[in-house]
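The following exercises concern a predicted model. Please work through each task before reading its solution.

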Amino acid sequence: MSLDQDQQLRSGCHDETTLRLDSSDSRDLAKQPLQGLKLASHKVLEKAQQTGRLKCSKCGGSRMFFCYTCCSLVGVSIQEIPIKLPVKIDIIKHPNETDGKSTAIHAKILAPSDVTMYTYPCVPEYDMNNVVLVFPGPEAVSVKDIRRCLGNRSKTKLHDHFDEPCPKRLAIEDPNGGTQDAKNPEATDEAKTQESKVFPLQRVVFIDSTWNQTNKIITDERLQGLLQVELKTRKTCFWRHQKGKPDTYLSTIEAIYYFLLEFHQSFLVQEYNGEYDNLLFFFSYLHSVINKAKTSAGKC
Ligand SMILES: [Zn+2]
């Protein structure tokens, strides 16, 4: 059995110490849409790559940058991390998904207090009124429709409890320019008032698996009632992109990042200022390393 060229490059992305590059090369090779991100300096990763693999202090495994088993950094310390996220993230991982290849672990390492990982068939009970699932199903809605769709669910299912206090209240945008708290009595449009009394979204679920394995998870009855949300305007930069799939099929860390970006732009008052860009800290670095390797191999 022999690996094809591409696969050899793929397997070398963060497991081998043979790739060498200097910082200017890596930046030149970063391609859209990964340019312009507000990232912590990649110098720590360049240095770690030159040092080579180290033993994880917890499990003893040989690792570079981070341990995908223990969810901890290895030979790297980054002050700008961890990142605080505006909603909780759950990642449901297919048991056959190789830990070392998954980008889901990036999210857990970079935002440990807001990200929880589960291995299927372990799936928590979700409240369909305040949890959404990111998946491009036939009924999926866009991020900006989340409030309206969850609001409709609340009105239908929980009409009697609508005035119950909700711990997760976000300021919402006032069409007249200012901001208002969700309980501001001056809002006159009844529908809008109803929808914006509380911001319903508390948790966002992502599935981490190959697209072919996803079907088993997505059809699980525990996920059936969840509103599905899609990110169809984004294109992947993932070097392990699955052949034959559209380039809008994102890797897990890209999906999480773009979801949060759209969420921020749609629902948070303050302008987006790179708050979650460091979720792509490892991804963008590895992307540049792979591009460099491909260029050296004459593949581009
Ligand atoms: Zn470990």
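**Exercise 1.** Determine whether Phe-65 is buried or exposed, and describe its backbone.

*Solution.* Step one: count the other C-beta atoms within 10 Å of Phe-65, which gives 22. Step two: apply the cut-off of 20 or more for a buried residue; Phe-65 is therefore buried. Step three: locate Phe-65, which belongs to strand E3 (residues 65–67). Step four: inspect its phi, which is near 75° and thus positive, although Phe-65 is not glycine.

**Exercise 2.** Carry out the analysis for Cys-71.

*Solution.* Step one: Cys-71 sits in the loop between E3 and strand E4 (72–74). Step two: its phi is positive, about 55°, and Cys-71 is not a glycine. Step three: 16 other C-beta atoms lie within 10 Å, so Cys-71 is partly exposed.

**Exercise 3.** Place the largest nonpolar core relative to the domains.

*Solution.* Step one: this core has 61 residues, of which Ala-107, Ile-256, Phe-259 and Leu-279 touch the most other members. Step two: helix H8 (residues 252–267) supplies the largest share, nine residues. Step three: domain 1 (1–84 + 279–300) and domain 2 (86–275) both contribute residues, so the core lies between them. Step four: leaving aside residues up to four places away in sequence, Ile-256 touches Ile-89, Ala-107, Phe-206 and Leu-279.

**Exercise 4.** Identify the conformation of the peptide bond from Tyr-120 to Pro-121.

*Solution.* Step one: omega is near 15°, and the bond is cis. Step two: Pro-121 occurs in the loop between strand E6 (115–119) and strand E7 (131–134).

Terms used: Residues numbered from 1 in each chain as written. Predicted model: local features only at pLDDT ≥ 70, side-chain atom pairs only at ≥ 80, totals over all residues. Core = buried A, V, L, I, M, F, W, Y, C linked by C-beta atoms within 7 Å. Buried ≥ 20, exposed ≤ 12 C-beta atoms within 10 Å, placed from the backbone. Helix = DSSP H or I, 4+ residues; strand = E, 2+ residues; numbered from the N terminus. Domains from an automatic or database assignment. Contact = placed C-beta atoms within 7 Å.
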